[in-house]
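Subject: Handing over the structure, with notes

Dear colleague,

Please find the structure below, followed by my notes on what was found in it. I would be glad if you read the two side by side.

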Number of protein chains: 2
Amino acid sequence: MKTAERILLVSLELFNQQGETNVSSVDIALELDISPGNLYYHYKGKDSIITALFAMYQSRMIKILNAPANDSLSLEEFFYYLLLVFQVSHEYRFLYRNPSEIAEKYAKIARGFRRILKQKENVFDTCLKSFYEQDLLLGDTQQRQQIVELIGLIATQTPNYHLLKGEEINDGDYIFQSLATILFALTPYMQMSKEAYQELDETVRNLCKEA
Amino acid sequence: MKTAERILLVSLELFNQQGETNVSSVDIALELDISPGNLYYHYKGKDSIITALFAMYQSRMIKILNAPANDSLSLEEFFYYLLLVFQVSHEYRFLYRNPSEIAEKYAKIARGFRRILKQKENVFDTCLKSFYEQDLLLGDTQQRQQIVELIGLIATQTPNYHLLKGEEINDGDYIFQSLATILFALTPYMQMSKEAYQELDETVRNLCKEA
DNA sequence: GTCTATATCGGGATAGAC
DNA sequence: GTCTATCCCGATATAGAC
């Protein structure tokens, strides 16, 4: 593997593990067994590494978000879709650990973040609309808007919340937590029996385990 | 006012405005028109300032959380109570901007954070139990547990979510946003007409405006 | 209590040899 | 492409005079 590529991979790993601010360029070089000078030959410091990592994240996420929402989307499909979104976010989770820090340091990334978030909410809204048209979802337009906001909040902030609580949870559980919470928040507005809820909860759990 | 006191107040303001990592001890001294040496005479660096600020936050929050939950608590009272909690959190909001950073740097604070969060969830749970016993709240114990988690998530993470979206909102609106979202998430499980919901939403809005 | 001056340390960044 | 050596800078921290 080329050095430039290795730098990105190792940086991503270190950032995810220890948080962006706690990893210096020297740390990265050390971990790679190369000299700081060499690192700077490939990337002009942490800034350009982070920019490159964000570009990777962004392009993958956009691909997922552009997958056209089927107009007879099922709830299962919706959650499968959410799972894809979460998996990518999780691979680049350091970006979400303290977004405010990162956004302050890198204006470009802040814009990209907002764009992606907006697009996510659009997609959520489209999905909910589809449910509504299938008579699966109750409630009016205003409520749908609130649900979208709530899903956005859960989707982006659940990991931080669990971090705050100091809970040690592994990768799969942590994605499941987010999905389960979304399901829970969504259920009251869905035309759905308690049995169907529990079944879906189980399905989602298994999906996460496989992944 | 004594210098030691002024240091705390100005530090709090700067931290809230610019984020803890972006404010150096020199910045604080400069803002106060005193020398860095003088600052160090009173507090041994940012660490001890932050520790002192956290202690203030903690003692105020604990006082609020210890206010015994009335066993015939009304929804209005519950939201008034939440408002108090949010106001204090908001005064020390820099602590919540990137809790993971702060928790990593200051182990003591991390423990304090977790204790407070735990206590908050306990209080929420007590309130919900009271609603349940008054036949205001539907659902079983497990659902109540999930509601508590969801409220905790909304209460602590809503500000960050809006920061992430890059929305500029002022202090009052931002507290109202959190309360409104909690109300929205709670409603489906409450024995409550749509009119009662909107009325309460309005009441909460006014409460926030006054505050 | 407060100041000035200075020491220290770590991270970011570059020059030049190989 | 990679290394060593070095520089720069900002933040933290202390000493000693007033």
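A polar contact, as used in these notes, is a pair of N or O atoms within 3.5 Å; within protein, one of the two must be able to donate a hydrogen and the other to accept it, and residues adjacent in sequence count only if both atoms are side-chain atoms. Please keep in mind that this is a predicted model, in which local features need pLDDT of at least 70 and side-chain atom pairs count only at pLDDT 80 or more, while totals for chains, interfaces and linings use all residues. Residues are numbered from 1 along each chain as its sequence is written, chains are lettered from A and ligands numbered from 1 in the order in which they are written, and side-chain values use heavy atoms, with hydrogens and water left out.

I begin with DNA strand C. A phosphate oxygen of this strand lies 3.2 Å from an N or O atom in the side chain of Tyr40(A), another such distance, to the side chain of Thr3(B), is 2.9 Å, and a polar side-chain atom of His42(B) is 3.0 Å from a phosphate oxygen. These three residues are among those that come nearest, out of 15 around the strand, where near means that a heavy atom of the residue lies within 4 Å. Of the strand C atoms within 4 Å of the protein, 71% belong to sugar or phosphate. The element that gives the most to this surface is α3(B), with 4 residues (helices are DSSP runs of H or I, at least four residues, numbered from the N terminus).

For DNA strand D, a phosphate oxygen is 2.7 Å from a polar backbone atom of Ser35(A) and one is 2.9 Å from an N or O atom in the side chain of His42(A), while Tyr40(B) places a polar side-chain atom 3.2 Å from a phosphate oxygen. Here α3(A) gives the most, with 4 residues, and the sugar or phosphate share of the strand D atoms within 4 Å of the protein is 67%.

The two protein chains also meet each other. Their contact (heavy atoms within 4.5 Å) takes 40 residues from chain B and 40 residues from chain A, and together they bury about 3,400 Å², with 56% of it on carbon and sulfur atoms; buried area is the accessible area, found with a 1.4 Å probe, that two parts lose on being put together, summed over both. Tyr161(B), Leu164(B) and Phe184(B) supply 22% of the area that chain B buries against chain A, more than any other three residues.

Across this interface there are 8 salt bridges, each being a side-chain nitrogen of Lys or Arg within 4 Å of a carboxyl oxygen of Asp or Glu. One of them joins Glu149(B) to Lys165(A), at 2.8 Å from N to O. Within the side of chain B that touches chain A, α9(B) gives the most, with 17 residues.

Finally, a rotation of 180° with 0.1 Å of shift along its axis superposes chain B on chain A, with an RMSD of 0.1 Å, so the two copies are related as by a two-fold rotation axis. The superposition is by least squares on the C-alpha atoms of residues with pLDDT of at least 70 in both copies. Among the residues of chain B, Asn98(B) comes closest to that axis, at 2.7 Å for its C-alpha. Because 100% of the interface residues of chain B are also interface residues in chain A, the copies meet through the same surface.

With best wishes

Methods:
Helix = DSSP H or I, 4+ residues; strand = E, 2+ residues; numbered from the N terminus.
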